[in-house]
Amino acid sequence: MPSVYSSELFLRKAFEQEPRKGFELLFRQYYTPLCSHAVRFVYSRQLAEDLVSEVFYQFYRTEAYRKVHSSYISYLFTAVRNEAYTHLRKEFGKTDSIDSTTENHLMGNQPQPDSEVHFNNLFLAVNEAMGQLPAQCRRVFLLSRFENKKYDEIAAELQISPRTVEVHISKALKHLRQTLRGEWTLLLCLFNLFFC
């Protein structure tokens, strides 16, 4: 947690001194985690990247960095979620295809700022842990958990056996458990949301 807060202070100082440099640092630090976050809602990596790029563009164009009183990370995760919901509403119509009770549940049960920051920090920690995996193992894990592909589909796409896919996913989960041992209770909640 202290490193996250010191990172936030560093970013704020960078924005004060030179907004363009602050934005570049912010983009480098959070673009990938935000794309992974957006994929949960839109189930397309390309679309997630487009939505996140739009959020960053608007963040810089409107000089939102001057108005953010919470943390940048909390603001950006919320903005990406809102952008994903807006996209889904446009895509499927205002009320027809998105179940309004589901949408109300998602919108109405927003966590308190403290828990949202902690959740986002945990999400970043998971992302960092995934970044430590070997490239092939990480790719298999992301195809399974973020693109909801079956083992056979992953095996065919990567030209490996389904058993190798299973080994990679097992290895990735073991690594995440070991790396995030101190956050295990919260990690279970995160796994229910992101990885099940």
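**Two cores in an all-helical chain**

Beyond its neighbours up to four places away in sequence, S144 touches K149, Y151, I154 and I169. This serine sits in helix α7, and its relative accessibility of 9% means that S144 counts as buried, the cut-off being under 20%. S144 and V165 are 21 residues apart along the chain, with 9.1 Å between their C-alpha atoms. The model described here is a predicted one.

The surroundings of S144 are best followed through the helix that carries it. Buried positions in α7 are C137, V140, F141, L143 and S144. Viewed down the axis of α7, these buried residues fall within an arc of 165 degrees, so they line one face of the helix. As a rule, an α-helix has 3.6 residues a turn, so residues three or four places apart point the same way.

Helix α7 (residues 135–145) packs against helix α9 (residues 162–179) at an angle of about 95 degrees, and the two axes are 9 Å apart. The angle makes α7 roughly perpendicular to α9, since values from 65 to 115 degrees are classed in that way. On the α7 side the contact involves Q136, C137, V140, F141, S144 and R145. Their partners in α9 are V165, H168, I169, K171, A172, L173 and L176.

A wider view helps to place this pair of helices. The protein chain contains 10 helices and zero strands, so described from the N terminus on as α-α-α-α-α-α-α-α-α-α. Of its 196 residues, 39% count as buried. Among contacts between residues at least 6 apart in sequence, 62% join residues at least 24 apart.

Turning to the N-terminal helices, α3 makes a convenient starting point. Helix α3 covers residues 45–61, and at 1.5 Å a residue its 17 residues should span 24 Å; the C-alpha atoms at its ends are 24 Å apart, in agreement with that expectation. Within α3, the buried residues include A48, L51, V52, V55, F56 and F59. These six cover an arc of only 135 degrees around the axis, which puts them on the same side of α3. After α3 comes E63, which has a positive phi, near 55 degrees.

Two of the buried α3 residues, F56 and F59, reappear in the largest nonpolar core. That core has 29 residues, and L26, F56 and F59 touch the most other members. At least two residues of this core come from each of α1 (2–17), α2 (19–42), α3 and α4 (72–92). The biggest share is that of α2, which gives 10 residues. In general, nonpolar side chains in soluble globular proteins tend to be buried together.

The contacts of F56 illustrate the arrangement. Leaving aside neighbours within four places in sequence, F56 is in contact with F23, L26, F27, Y30, Y31, L34 and L76. Apart from this core lies another, of 16 residues, among them F141, V165, A172 and L176. These four residues also take part in the packing of α7 with α9, F141 from α7 and V165, A172 and L176 from α9.

Conventions:
Residues are numbered from 1 along each chain as its sequence is written. This is a predicted model: local features need pLDDT of at least 70, side-chain atom pairs count only at pLDDT 80 or more; totals for chains, interfaces and linings use all residues. Side-chain values use heavy atoms; hydrogens and water are left out. The expected span of a helix is 1.5 Å times one less than its number of residues. Buried means under 20% relative accessible area, exposed over 50%, partly exposed in between (1.4 Å probe, protein chains only). The arc is that of the directions from the helix axis to the C-beta atoms. A nonpolar core is a set of buried Ala, Val, Leu, Ile, Met, Phe, Trp, Tyr and Cys residues joined through side-chain atoms within 4.5 Å. Contact means heavy atoms within 4.5 Å. Axes are lines fitted to C-alpha atoms, for helices over the stretch in contact, and angles run from 0 to 180 degrees between N-to-C directions. Angles under 35 degrees count as roughly parallel, over 145 as roughly antiparallel, 65 to 115 as roughly perpendicular and the rest as oblique.
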